[in-house]
Amino acid sequence: MKKFRGAIKSSDNEEPSSSVALTHSSKYVNVNPSLKGIKYVIFPENKFAQIWDFIIILAIWYYAFYIPFHFGISGGYYTVYYTWFLVVNMIVNFTFILDTFLAFFR
């Protein structure tokens with residue numbers, strides 16, 4: 001347990017009269033104490049939330065390159081004639097739909 005000492009101290013040898021004990025929990029950092037233990041809340045420090053955010057960033061990067069390619073170069077040809085393009089797009093769309101629902105728990 002760490003001690004927090006006040007900013008004003010009368011002398012170097014004297015212990016301040018008001019010291020506050022701070023506890024540090026690695027599971028909930030900077031979380032409102034009333035939110036601790038809630039079952040259906042996904043905290044930003046959660047490993048699942050961090051991995052999910054990385055997946056969403058990859059999906060955004062995919063669409064950043066796919067949409068200009070789809071409309072500008074291929075004209076939709078690859079999506080219609082190659083099944084894997086359609087499957088990948090459906091997976092990415094489902095990822096964004098799932099992210100919309102997960103946003104209600106953050």
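Select Tyr78 first. Tyr78 sits in helix H2. The model is predicted, so treat every value on this tour as computed from that model. Is Tyr78 buried, partly exposed or exposed? Its relative accessible area is 31%, so Tyr78 counts as partly exposed.

**The patch around Tyr78**

Keep Tyr78 selected and add Tyr77, Val80, Tyr81, Tyr82, Trp84 and Val88. Together these residues make a nonpolar patch on the surface. Their joint accessible area is about 750 Å². Which elements give two or more residues to the patch? They are H2 and helix H3, which covers 83-102. H2 gives the most, with four residues.

**Two tyrosines in H2**

Now show only Tyr77 and Tyr81. Both belong to helix H2, residues 77-81. They are four residues apart, so about one helical turn separates them. Look at how open each one is. Tyr77 has 41% relative accessibility and counts as partly exposed. Tyr81 reaches 57%, so Tyr81 is exposed: the cut-off for that class is over 50%.

**A stop in H1**

Move to helix H1, residues 47-74. Select Phe48 and Trp52. They lie four residues apart in H1, about one turn of the helix. Now return briefly to Tyr77 and Tyr81, for comparison of the rings. Tyr77 and Tyr81 form an aromatic pair with centres 4.8 Å apart. Their planes meet at 40°, and the pair is tilted.

How should you describe such pairs? A pair of aromatic rings is described by the distance of the centres and the angle of the planes.

The structure holds eleven aromatic pairs. Phe48 and Trp52 make one that is stacked, because their planes stand at 25° and the ring centres are 6.3 Å apart. The cut-off for stacked is under 30 degrees. Check the surroundings of each ring as well. Phe48 is partly exposed, at 43% relative accessible area. Trp52 has 11% relative accessibility, so Trp52 counts as buried.

**Tyr63 and its contacts**

Stay in H1 and select Tyr63, which has its place in this helix. Is Tyr63 buried or exposed? Its relative accessible area is 16%, so Tyr63 is buried. The limit for buried is under 20%.

Next, show what touches Tyr63. Leave out the neighbours within four places in sequence. The contacts are then Pro68, Asn89, Val92, Asn93 and Phe96. Pick Val92 from this list and draw a line between the C-alpha atoms. Tyr63 and Val92 are 29 residues apart in sequence. In space, their C-alpha atoms are 8.6 Å apart.

**The aromatic cluster**

Keep Tyr63 on screen. Add Tyr62, Tyr66, Phe69, Trp84, Phe85 and Phe96. With Tyr63, these residues form one aromatic cluster. Two names should be familiar by now. Trp84 is also a member of the nonpolar patch, and Phe96 is one of the contacts of Tyr63.

**Zoom out**

Finally, show the whole protein as a cartoon. How many helices and strands are there? The protein has three helices and two strands. Starting at the N terminus, their order is β-β-α-α-α.

Colour the 106 residues by burial: 19% of them are buried. Then turn on the surface. The accessible surface comes to about 8900 Å². Carbon and sulfur atoms account for 66% of that surface.

One last view is the contacts. Take those between residues at least 6 apart in sequence. Of these, 40% join residues at least 24 apart.

Definitions and conventions
Residues are numbered from 1 along each chain as its sequence is written. This is a predicted model: local features need pLDDT of at least 70, side-chain atom pairs count only at pLDDT 80 or more; totals for chains, interfaces and linings use all residues. Side-chain values use heavy atoms; hydrogens and water are left out. Buried means under 20% relative accessible area, exposed over 50%, partly exposed in between (1.4 Å probe, protein chains only). Contact means heavy atoms within 4.5 Å. Accessible areas come from the Shrake-Rupley method with a 1.4 Å probe; for residues, only the protein chains shown count as cover. Rings of Phe, Tyr and Trp (its six-membered ring) pair if their centres lie within 6.5 Å; planes under 30 degrees apart count as stacked, over 60 as edge-to-face and the rest as tilted. Patches are made of residues with over 30% relative accessible area and no salt bridge: like charges are joined within 9 Å, nonpolar side chains (Val, Leu, Ile, Met, Phe, Trp, Tyr) within 5 Å. A salt bridge is a side-chain nitrogen of Lys or Arg within 4 Å of a carboxyl oxygen of Asp or Glu.
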